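The following exercises concern cavities, a chain interface, charged pairs and backbone geometry. Each task is followed by a solution in steps.

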Number of protein chains: 2
Amino acid sequence: MTKNKIRPGPYLFPSLTVLIGANVNGKANFNAIGWVSGLEFGPPLISISSNHQHHNNVGIKENQTFSVNIPTEEMVEITDYCGIKSGRKEDKSEIFDVFYGELKTAPMIKEAAINLECKVIHVVNTSEIANAPNGHDIFIGEVVQAYSDEKYLTRGSPDVDKIKPFVLSQSGGKSKYYKVGEELGTAWSIGSNYKKE
Amino acid sequence: MTKNKIRPGPYLFPSLTVLIGANVNGKANFNAIGWVSGLEFGPPLISISSNHQHHNNVGIKENQTFSVNIPTEEMVEITDYCGIKSGRKEDKSEIFDVFYGELKTAPMIKEAAINLECKVIHVVNTSEIANAPNGHDIFIGEVVQAYSDEKYLTRGSPDVDKIKPFVLSQSGGKSKYYKVGEELGTAWSIGSNYKKE
């Protein structure tokens with residue numbers, strides 16, 4: 001294989017597509033995001049990277065809370081809609097059946113398969129650490145409570161085959177959504193078949 | 001749908017599976033990780049969350065560099081092997097065809113479809129921000145150079161249909177690898193079909 005230099009970029013796809021919920025000026029708002037990551041098991045921590053321009057950031061900073069909602073593949077259109085329309089111009093507070101949990105200010109989506117109710121515990125601003133002109137807030141949240149429906153779980157844990165989430169990726173110069181595909185093997189297991197030469 | 005509380009956890013799957021490369025005590029080492037995220041486009045920033053116990057962390061801290069290598073689905077066994085075997089006990093420096101770029105200390109995998117050569121610009125320790133007893137280092141890296149082969153690109157950009165990466169997910173209480181599945185639609189586009197009621 002020949003290795004050529006290509007334009008440096010954050011080419012980490014596919015990535016899970018989620019809906020971030022925040023209360024902005026007292027009203028629920030939702031935005032679609034592909035830059036999310038697990039960080040820690042105990043306590044459970046996750047991160048989202050959200051552009052400074054997003055309406056959500058105002059509310060997340062004010063309340064120090066947000067939610068991560070995992071949409072099913074049937075929700076792909078409405079999820080994309082939330083990514084296209086800014087909450088500054090479009091009221092998205094009533095497009096979902098919204099509920100609140102113990103933090104009181106992190107709106108969650110009943111139609112979504114999994115909801116993570118998060119308290120902000122740390123923020124990194126890419127404009128500060130890297131002089132990004134069009135910066136992002138990296139919100140690190142502790143998952144204080146999680147919610148789901150029995151139909152998405154196996155022995156109490158979320159099951160991807162039941163949830164049918166979707167991922168964002170890039171192909172032919174376009175960003176596209178994809179289903180999760182065929183199984184390839186069990187993690188921390190199939191590697192034992194590998195034999196060093 | 002009924003919403004029940006489930007055990008709080010960082011349920012963000014599927015997630016892309018990558019191989020992180022670092023020079024530890026002058027020798028290339030590789031570890032499999034599922035907690036990765038894009039953070040910023042300009043400059044291109046990404047994050048990885050890597051357990052304090054990982055051999056890689058020693059080298060990343062020493063050199064302030066690391067690489068992210070995106071394996072193809074044919075590499076699923078050897079990728080899992082890198083996740084099972086610790087570099088403390090197993091020499092993984094010769095299982096891949098390794099090359100170095102301009103940072104000199106971030107070993108990259110020739111067989112991988114995409115390589116991101118990263119310089120550490122910020123570190124967050126989950127033990128410090130959240131008292132995590134079994135903590136993780138969140139390394140935020142700037143992608144100073146990226147590498148690929150023509151066969152994985154469309155008009156110079158990485159193409160998921162050509163790369164065939166794989167994702168890590170959870171089903172039936174087990175962690176499993178999956179292919180990327182069927183296309184669902186174009187992002188920032190299909191949402192315009194949604195009509196508010």
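A cavity here is a set of grid points where a 1.4 Å probe fits but cannot get out, and its volume is the space filled by probe spheres set on those points. The model to which this applies is predicted.

**Exercise 1. Determine how many cavities of 30 Å³ or more the whole structure holds, and describe the largest cavity.**

Step 1. The search of the whole structure returns two cavities at or above 30 Å³.

Step 2. The largest cavity holds about 140 Å³ of space.

Step 3. Its lining consists of 18 residues, and those nearest the centre are A:Ser15, A:Val36, B:Ser15, B:Leu16 and B:Val36.

Step 4. Two or more lining residues come from each of strand 2 (15-16) and strand 5 (36-40) of chain A, and from strand 2 (15-16) and strand 5 (36-40) of chain B.

Step 5. By class, this lining comprises ten nonpolar and eight polar residues, with no charged ones.

**Exercise 2. Identify the residues that line the second largest cavity and the elements that give two or more of them.**

Step 1. The space in the second largest cavity amounts to about 40 Å³.

Step 2. From chain A, the lining includes Ser47, Val124, Ile138 and Ile140; from chain B, it includes Ser47, Val124, Ile138 and Ile140.

Step 3. The elements giving two or more residues are strand 11 (136-148) of chain A and strand 11 (136-148) of chain B.

Step 4. Sorting the lining by class yields six nonpolar residues, two polar residues and no charged residues.

**Exercise 3. Characterise the interface of chain B and chain A by contacts, buried area and polar pairs.**

Step 1. Contact joins 113 residues of chain B with 113 residues of chain A.

Step 2. The two chains bury about 9,800 Å² between them, and 65% of this area is on carbon and sulfur atoms.

Step 3. There are six salt bridges between chain B and chain A. An example is the pair A:Glu182 and B:Lys179, with an N to O distance of 3.9 Å; the cut-off for a salt bridge is 4 Å.

Step 4. Polar contacts across the interface number 48 residue pairs, with both residues at pLDDT 80 or more.

Step 5. On the side of chain B that touches chain A, strand 15 (residues 174-186) of chain B gives the largest share, 13 residues. That side divides into 59 nonpolar, 31 polar and 23 charged residues.

**Exercise 4. State the count of salt bridges over all chains, and locate the partners of the pair A:Asp137 and A:Lys61.**

Step 1. Side chains of opposite charge can pair when their charged atoms come close.

Step 2. Over all chains, the count is twelve salt bridges.

Step 3. A:Asp137 and A:Lys61 form a salt bridge through their side chains, at 3.0 Å from N to O.

Step 4. A:Asp137 belongs to strand 11 of chain A and A:Lys61 to helix 1 (residues 55-63) of chain A; the pair links distant parts of the chain, 76 residues apart.

**Exercise 5. Examine the backbone at A:Pro14, A:Pro43 and B:Gln64.**

Step 1. Most residues other than glycine have a negative phi, and most peptide bonds are trans.

Step 2. The bond joining A:Phe13 and A:Pro14 is cis, with omega about 5°. A:Pro14 is in the loop between strand 1 (4-6) and strand 2 of chain A.

Step 3. A cis peptide bond also runs from A:Gly42 to A:Pro43, where omega is near -5°. A:Pro43 lies in the loop between strand 5 and strand 6 (45-51) of chain A.

Step 4. B:Gln64, a residue other than glycine, has a positive phi near 60°. Its place is the loop between helix 1 (55-63) and strand 7 (65-70) of chain B.

Note on methods:
Residues are numbered from 1 along each chain as its sequence is written. Chains are lettered from A and ligands numbered from 1 in the order in which they are written. This is a predicted model: local features need pLDDT of at least 70, side-chain atom pairs count only at pLDDT 80 or more; totals for chains, interfaces and linings use all residues. Side-chain values use heavy atoms; hydrogens and water are left out. On a 1 Å grid over the protein atoms alone, a cavity is a set of points where a 1.4 Å probe fits but cannot get out, and a pocket is an open set with protein on both sides within 12 Å along at least five of seven lines; lining residues have an atom within 4 Å of a point. Helices (H or I, at least four residues) and strands (E, at least two) are DSSP runs, numbered from the N terminus. Ala, Val, Leu, Ile, Met, Phe, Trp, Tyr, Cys and Pro count as nonpolar, Asp, Glu, Lys and Arg as charged, and the others, Gly among them, as polar. Contact means heavy atoms within 4.5 Å. Buried area is the accessible area (1.4 Å probe) that two parts lose on being put together, summed over both. A polar contact is a pair of N or O atoms within 3.5 Å; within protein, one must be able to donate a hydrogen and the other to accept it, and residues adjacent in sequence count only if both atoms are side-chain atoms.
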